[in-house]
Amino acid sequence: KRLPQAIIIGVKKGGTRALLEFLRVHPDVRAVGAEPHFFDRNYERGLAWYRDLMPRTLEGQITMEKTPSYFVTKEAPARISSMAKGTKLIVVVRDPVTRAISDYTQTLSKKPDIPTFESLTFKNRTTGLIDTSWSAIQIGIYAKHLENWLLHFPIGQILFVSGERLISDPAGELGRVQDFLGLKRIITDKHFYFNKTKGFPCLKKAEGRSKPHCLGKTKGRTHPDIDQEVVQRLRDFYRPFNMKFYQMTGQDFGWD
């Protein structure tokens, strides 16, 4: 058992589960199924506890884990860096507006009596002041969170995966991920088929299964209808942060 050489650090509702499931098809990737939450919630348990959660690997295999809340955790970059400066980091990002709605939809499925998306979005509806303390909004200010990581890691050690392209061209995005991890490009088009009912790609054969595998029923939930004016307000709010994020990463994600 080894400490992970690569970690999917974010973001919540970006497509991290899909990416991990797709990557696990690769014979040289071994990953923890559950989210360890070591660098945010369980750090005091120590590295030996963390290592023990990891799967056994052979020489040449990569150990991985994913915990999407790391990306927004202040202490996580320093903690990961002190474990191993060379750790490769992967961030799956998607349009922050749809990400926020997806985040809200997930909470709604667990707590049906929460306030409306619209009322949680604004500090003051009349002035249109966005409530940035609400985590669903906060997480999508990617540029701000990334600044914290760049204090500890060079930008070249972080791969930014497009959550949108993970759906429209899974093999293409996985090609980039495999290159980044120094793996042979084994996962290709032939591993995927598009599930029209779910609206996203599924694996023809998943790790340890002989039949096709789609992500569980909690993925691809139908989003509630959100007032278009609120959506527009959020687009305007995120635009400058998105532009800064494109500059920082050298990638235009096409959200605007």
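Buried, in what I am going to say, means under 20% relative accessible area. With that cut-off in mind, take His191, which comes out at 15% relative accessibility and therefore counts as buried. Please keep in mind throughout that this is a predicted model.

Let me stay with His191 for a moment, since its surroundings lead us on to another part of the chain. His191 is found in the loop between helix 9, residues 170-180, and strand 8, residues 192-195. If we leave out residues up to four places away in sequence, His191 touches Val25, Ile186, Cys202, Leu203 and Lys204.

One of those contacts, Cys202, brings us to the disulfide. How many disulfides does a search of the whole structure find? The search finds 1, and it joins Cys202 to Cys214, with an S to S distance of 1.9 Å. The torsion about the S-S bond is about 100°, so this disulfide is right-handed. The two cysteines lie in distant parts of the chain, 12 residues apart, with Cys202 in strand 9, residues 200-203, and Cys214 in the loop between strand 9 and helix 10, residues 228-249. Are these cysteines buried or exposed? Cys202 has 1% relative accessibility and so counts as buried, and Cys214, at 19%, also counts as buried, because the cut-off is under 20%.

Now to the sheet. It is an open sheet of 5 strands, arranged in the order 2-3-1-4-7, and the pairing is parallel. Strand 2 and strand 7, the latter being residues 158-162, stand at the edges, and each has a single partner strand, so one side of each is left without a neighbour in the sheet. On average, and with direction ignored, neighbouring strands of this sheet are turned by 25° against each other. Looking at one pairing in detail, strand 1 and strand 3, residues 62-66, run parallel and are joined by 3 bridges, and in strand 3 the bridge partner of Ile8 is Lys66. Helix 7, which covers residues 142-150, packs on the sheet and touches strand 1, strand 4 (88-93) and strand 7, and the direction of helix 7 makes about 160° with that of strand 7.

From strand 1 we can follow the chain into the loop that comes after it. A cis peptide bond joins Gly10 and Val11, with omega about -10°, and Val11 lies in the loop between strand 1 (6-10) and helix 1 (16-23). Lys13 is found in this loop between strand 1 and helix 1 as well, and its phi is near 60°, which is a positive value in a residue other than glycine. What feature does UniProt place at Lys13? The UniProt record, an unreviewed entry, places the feature "active site" there, and I would add the caution that such annotations may be inferred rather than shown by experiment. In the model, Lys13 is buried, with a relative accessible area of 15%. Leaving aside neighbours within four places in sequence, Lys13 is in contact with Arg94, Arg99, Ser102, Asp103, Gln106, Lys219 and Arg221.

The loop leads into helix 1, which is mostly covered, in that 8 of its 8 residues are buried. Among these buried residues are Arg17 and Glu21, as well as Leu19, Leu20 and Phe22.

A positive phi also turns up at His37, where the value is about 50° although the residue is not a glycine. His37 has its place in the loop between strand 2 (29-31) and helix 2 (47-53), and with a relative accessible area of 11% His37 is buried.

Last, a helix pair. The axes of helix 4, residues 96-110, and helix 10 come within 9 Å and cross at roughly 125°. How, then, do helix 4 and helix 10 lie to each other, parallel, perpendicular or oblique? Angles from 65 to 115 degrees count as roughly perpendicular and those over 145 as roughly antiparallel, and helix 4 and helix 10 are therefore oblique to each other. Where the two helices meet, Pro96, Val97 and Ile101 come from helix 4, and Val231, Leu234, Arg235, Tyr238 and Asn242 from helix 10.

Definitions and conventions:
Residues are numbered from 1 along each chain as its sequence is written. This is a predicted model: local features need pLDDT of at least 70, side-chain atom pairs count only at pLDDT 80 or more; totals for chains, interfaces and linings use all residues. Side-chain values use heavy atoms; hydrogens and water are left out. Helices (H or I, at least four residues) and strands (E, at least two) are DSSP runs, numbered from the N terminus. Buried means under 20% relative accessible area, exposed over 50%, partly exposed in between (1.4 Å probe, protein chains only). Two strands pair if DSSP finds at least two bridges between them. Axes are lines fitted to C-alpha atoms, for helices over the stretch in contact, and angles run from 0 to 180 degrees between N-to-C directions. Contact means heavy atoms within 4.5 Å. A disulfide is a pair of cysteine sulfur atoms within 2.5 Å. Angles under 35 degrees count as roughly parallel, over 145 as roughly antiparallel, 65 to 115 as roughly perpendicular and the rest as oblique.
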